[in-house]
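Student: I have a structure to go through and would like the terms explained as they come up. Where should we start?

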Protein chains: 2
Amino acid sequence: MTSNTRAKMVAGAADLMSRRGVNATSMREVVRHTGTPRGSISHHFPGGKRQLIEDAIVFAGAQVSGPLRHLTTERGAMAGLRAFITLWKRTLEQTNYQAGCPILAVAVEEYVSDPSDKDTGGGQAVQRHLLDLAQGIFADWQQILSAALKQEGLAASRARRLATLVVASVEGTVAMCRAARSAQPLEEVSHELELLLKSVIEGR
Amino acid sequence: MTSNTRAKMVAGAADLMSRRGVNATSMREVVRHTGTPRGSISHHFPGGKRQLIEDAIVFAGAQVSGPLRHLTTERGAMAGLRAFITLWKRTLEQTNYQAGCPILAVAVEEYVSDPSDKDTGGGQAVQRHLLDLAQGIFADWQQILSAALKQEGLAASRARRLATLVVASVEGTVAMCRAARSAQPLEEVSHELELLLKSVIEGR
DNA sequence: ACTACAATATGACGGTTGACATAGCCAGCG
DNA sequence: CGCTGGCTATGTCAACCGTCATATTGTAGT
């Protein structure tokens, strides 16, 4: 049976990463923050901090794609857009605009491990892995929205472009809301995105 | 006369921050990367690392808002949009998709200085300052685009919303491009944004 | 009851960080 | 010439990091 502490560590890491970023989140603080034993860290995550980060962003990604997939297939593209936005808005408001998106943090930062700076040879490949993971999660969200838009009758290429626009603009807006300590950017972007999608779908 | 090494430090810090994020950029690496003397750091930046970060993002912000302001007032909103996008596209391509936006990095991360963990009392206020600065730069870009859109005859509220959408989506897209090691997301978003603005301006 | 193994606790290690202090350099100018 | 003040060089400091090694505990299987 998979331990409970492992899950708490992953969730705690995702939370801290969304608030402070990847490099500002230390493993010691994760265990401090979650009340989990420090000694278990190398047991549950033999891959070290890198593995914790991977698990955390996969966890965070699934937490979004789950409801998103459910609502889009159930009630269409428009409901999916609203769910996507509402989900982030709630996260922002519930944390007083301290938490953002941990996947975006991975996409913006570069995780560097202390030992053996060496050359950039080994670092590059390992670095790729984290970015690939983040890119995969973004692609996942896009694919869900894109499929829903195609379902509404849009051409494949148009649906893909619009899905990219939605994911990118919401991610950027969440960061802006964090900086502004306000949900206003999200409301403005939400307004425009709804207008755009509505006109594109209905005016077909 | 303001020293040359100071400017090199600021530019180097902005560059490193755009590649690795705020917390992964150490002052020692800035001086290593720019060939500037380590001892001068506390002379040029008595405020320590925080001051370096501030100067770096102000510098990076001006590097965008300069050309942006010039082109929008010269050739209109559409040219401004294209300039904004092209500017980021060039940055991405010239660095093999390693550099993103340092202001976004500040907006996503939380800069934490090692000493005096204390409570969150003192940290909060200081943290605000960096985020306020980042928010101000975003607002600067928005204001330029928004003014250009109003010049094209749009209502003030609509112009503001669209400007927010443009800035947010481009910022998010730049991060996605970094993760994907590809300019494709930017091209897709660019396509949709041009379509949107064109229809909104012409169909007035 | 006793073993075997997963999980937890605790400490140590080598390394880096930001900040600061002290000392040396080197114009420019009286 | 000598001084002076802006830079630069170098070292030290405490704190923290990620990782590993070594107990110690908990617990299920026989």
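Tutor: Start just after α2(B): there G35(B) takes a positive phi of about 70 degrees. Keep in mind that this is a predicted model.

Student: Which residues of helix α2 of chain B are buried?

Tutor: In α2(B), residues 27-34, they are E29(B), V30(B), V31(B) and T34(B). The word buried is used because each has under 20% relative accessible area.

Student: What covers the buried residues of α2(B)?

Tutor: The cover includes α1 (4-20), α3 (41-44) and α4 (49-94) of chain B.

Student: What makes E192(A) and R158(B) a salt bridge?

Tutor: The closest N and O atoms of E192(A) and R158(B) are 2.7 Å apart. The cut-off is 4 Å between a side-chain nitrogen of Lys or Arg and a carboxyl oxygen of Asp or Glu, so the pair qualifies. Between chain A and chain B the count is 6 salt bridges.

Student: How many residue pairs are in polar contact across the interface of chain A and chain B?

Tutor: The rule finds 17 such pairs, with both residues at pLDDT 80 or more.

Student: Which helix gives the most to the side of chain A that touches chain B?

Tutor: That is α7(A), with 16 residues. This side of chain A divides into 21 nonpolar, 12 polar and 13 charged residues.

Student: How many residues does each chain bring to the contact?

Tutor: Chain A brings 46 residues and chain B brings 46 residues. The area buried between the two chains is about 4100 Å², and carbon and sulfur atoms give 59% of that area.

How values were computed:
Residues are numbered from 1 along each chain as its sequence is written. Chains are lettered from A and ligands numbered from 1 in the order in which they are written. Side-chain values use heavy atoms; hydrogens and water are left out. Contact means heavy atoms within 4.5 Å. Buried area is the accessible area (1.4 Å probe) that two parts lose on being put together, summed over both. A polar contact is a pair of N or O atoms within 3.5 Å; within protein, one must be able to donate a hydrogen and the other to accept it, and residues adjacent in sequence count only if both atoms are side-chain atoms. Helices (H or I, at least four residues) and strands (E, at least two) are DSSP runs, numbered from the N terminus. Ala, Val, Leu, Ile, Met, Phe, Trp, Tyr, Cys and Pro count as nonpolar, Asp, Glu, Lys and Arg as charged, and the others, Gly among them, as polar. Buried means under 20% relative accessible area, exposed over 50%, partly exposed in between (1.4 Å probe, protein chains only).
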